[in-house]
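Please look over the sequence and the model shown here before reading on; the report that follows takes up helices first and strands afterwards.

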Number of protein chains: 2
Amino acid sequence: MSIKLDAVGKKTAPIKHKYAWKDVVLYALGVGAKADELDFLFELAGPKVLPTFAVVPSFGALLSVTEALGADLAMIVHGEQKAILHRPIPPSGELSTVAEIKGIYDKGKGAVALVEAKTVDEKNEPVFDNWFTVFVRGAGGFGGDRGPEPIKADPPEGKAPDFTVSEATTPEQALLYRLSGDLNPLHASPEFAKRGGFDRPILHGLCTYGHAGRAVLKHACGGDPARLRSFAARFAGVVFPGETLTTMGWKVDPGKWVIQTKTQDGRLVLSNALAETGETLR
Amino acid sequence: MSIKLDAVGKKTAPIKHKYAWKDVVLYALGVGAKADELDFLFELAGPKVLPTFAVVPSFGALLSVTEALGADLAMIVHGEQKAILHRPIPPSGELSTVAEIKGIYDKGKGAVALVEAKTVDEKNEPVFDNWFTVFVRGAGGFGGDRGPEPIKADPPEGKAPDFTVSEATTPEQALLYRLSGDLNPLHASPEFAKRGGFDRPILHGLCTYGHAGRAVLKHACGGDPARLRSFAARFAGVVFPGETLTTMGWKVDPGKWVIQTKTQDGRLVLSNALAETGETLR
């Protein structure tokens with residue numbers, strides 16, 4: 001397997017994404033929102049929009065730019081993700097995203113493509129940016145640069161987390177989450193999952209990310225989406241639908257939280273995760 | 001509270017409903033479909049369409065015709081439902097429904113409106129019909145006819161059911177189900193539910209109906225949607241999201257099944273339910 005190294009620098013035309021409140025609610029349920037988070041699930045309450053929804057309107061642009069890599073979907077794994085929020089996401093509208101492959105790096109076993117996606121609203125005002133890294137298994141060893149080292153964000157040694165949230169995902173979690181746009185059959189079909197080397201379909205990394213983002217929002221932002229500035233994480237391990245996710249947060253500095261998510265058996269699935277928070281000032 | 005008796009005979013213009021496979025899957029998840037029912041949840045398997053999806057494309061027409069009743073949404077409860085399938089429902093398309101209020105009856109405490117909705121495809125071929133009865137609490141006592149007696153379908157005395165299926169709904173079941181079209185806030189908002197006289201939001205009767213329909217499909221039709229001819233039920237009691245639904249079926253004649261659904265504490269919630277099945281011949 002190889003990927004097209006000349007994809008670096010390729011930029012999409014602005015890709016539009018129109019959405020309505022139902023899409024916002026569908027996403028929230030897809031990342032496990034509970035009935036007591038009604039403001040995020042009920043149109044007469046807005047709905048409020050989970051900040052990690054940022055990955056949805058930009059997904060088409062990500063897909064379009066990663067097609068330029070020429071990689072098999074079954075071999076692609078999301079490596080890292082950072083969403084930078086410029087302001088709360090509106091509950092409906094038409095957003096426009098330009099994505100660009102900023103670099104392709106050689107990690108030995110695989111290759112990593114770094115994609116930046118910038119999303120603006122109808123008035124061309126920035127709403128959020130996303131940084132995605134796409135890991136292509138089996139595509140490394142082409143003698144390229146290893147690229148920048150990933151973000152390091154370890155919990156302070158010996159300190160108990162400032163918050164801990166445990167939530168079971170359902171066996172149908174990936175089947176629900178994928179309705180928000182990432183239709184990779186790796187997350188639905190046992191046959192396709194086997195082709196990708198997994199015993200059964202796996203949960204989307206971004207679904208785990210959304211679960212962790214809800215925990216950050218609740219415990220580090222008082223439930224107010226306007227207070228989350230950014231959320232970055234590395235996808236450190238595979239989650240199967242039905243597993244329980246435990247997200248822990250350590251406040252390491254004012255407005256800075258180190259986050260980790262583990263499964264019920266202690267496997268680290270989100271690592272080197274960092275959330276930046278602030279006051280509601282926008 | 002009163003309703004407009006002159007609504008009888010009112011017919012909608014053909015009301016179109018365009019849908020895609022995602023709507024079919026969203027509905028299936030809304031009525032509790034599980035990961036092992038993948039054919040109903042995965043586009044590369046069709047998806048197959050649950051026969052009770054019939055209530056979704058016709059819902060706009062039902063809403064339109066019941067608006068003519070002039071009743072408060074908080075006081076409306078679905079009384080009975082019958083879906084008659086002429087053939088399997090396509091996984092996407094544009095269907096067209098004409099609904100008519102066939103009668104308004106005086107039940108003392110409330111009034112009952114009987115609505116017929118006939119749905120055809122792009123070629124004007126019948127796909128399914130629905131009979132809905134809408135119970136309007138507090139709107140009876142106007143001296144009208146009591147109307148036809150409801151269908152009687154009791155399980156044979158002393159006979160154990162031929163199948164029993166127990167499934168827990170989730171606390172978010174109504175919030176997910178409502179994305180398929182019935183946005184009555186009675187199923188989402190605690191305040192609105194209180195106004196309707198309930199302690200908390202209740203599950204849509206048609207969500208329970210969909211759960212029961214899945215059990216019928218699996219155990220009386222070998223999982224083949226083409227084998228279900230009709231499914232009628234009375235909504236006998238309130239279900240709260242999170243409760244467990246147990247559906248039982250008795251084969252009373254060739255192709256005839258009496259169905260009941262109870263909650264975990266034995267309350268009957270679907271009664272006088274009858275499913276008609278046949279061979280796959282269409």
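Which residue follows H1(A), and what is the sign of its phi? H1(A) is followed by A:Gly32, whose phi is positive, near 90°. This is a predicted model, in which local features need pLDDT of at least 70, side-chain atom pairs count only at pLDDT 80 or more, and totals for chains, interfaces and linings use all residues. Residues are numbered from 1 along each chain as its sequence is written, chains are lettered from A and ligands numbered from 1 in the order in which they are written, and side-chain values use heavy atoms, with hydrogens and water left out.

Helices (H or I, at least four residues) and strands (E, at least two) are DSSP runs, numbered from the N terminus. In helix H1 of chain A (residues 21-30), eight of the 10 residues are buried, where buried means under 20% relative accessible area with a 1.4 Å probe and protein chains only. Among them are A:Trp21, A:Tyr27 and A:Gly30, and the cover of the buried residues includes helix H5 (205-220) of chain A as well as helix H1 (21-30) of chain B, contact being heavy atoms within 4.5 Å.

Strand E7 of chain A (residues 228-235) is likewise mostly covered, with seven of its eight residues buried. Its pairings, and one in chain B, are listed below; two strands pair if DSSP finds at least two bridges between them.

| Strands | Bridges | Sense |
|---|---|---|
| E2(A) and E7(A) | five bridges | antiparallel |
| E7(A) and E10(A) | six bridges | antiparallel |
| E2(B) and E7(B) | five bridges | antiparallel |

Within these pairings, A:Ile84 stands opposite A:Ser230, A:Phe235 stands opposite A:Leu270, and B:Ile84 has B:Ser230 as its bridge partner.

Key. Buried means under 20% relative accessible area, exposed over 50%, partly exposed in between (1.4 Å probe, protein chains only).
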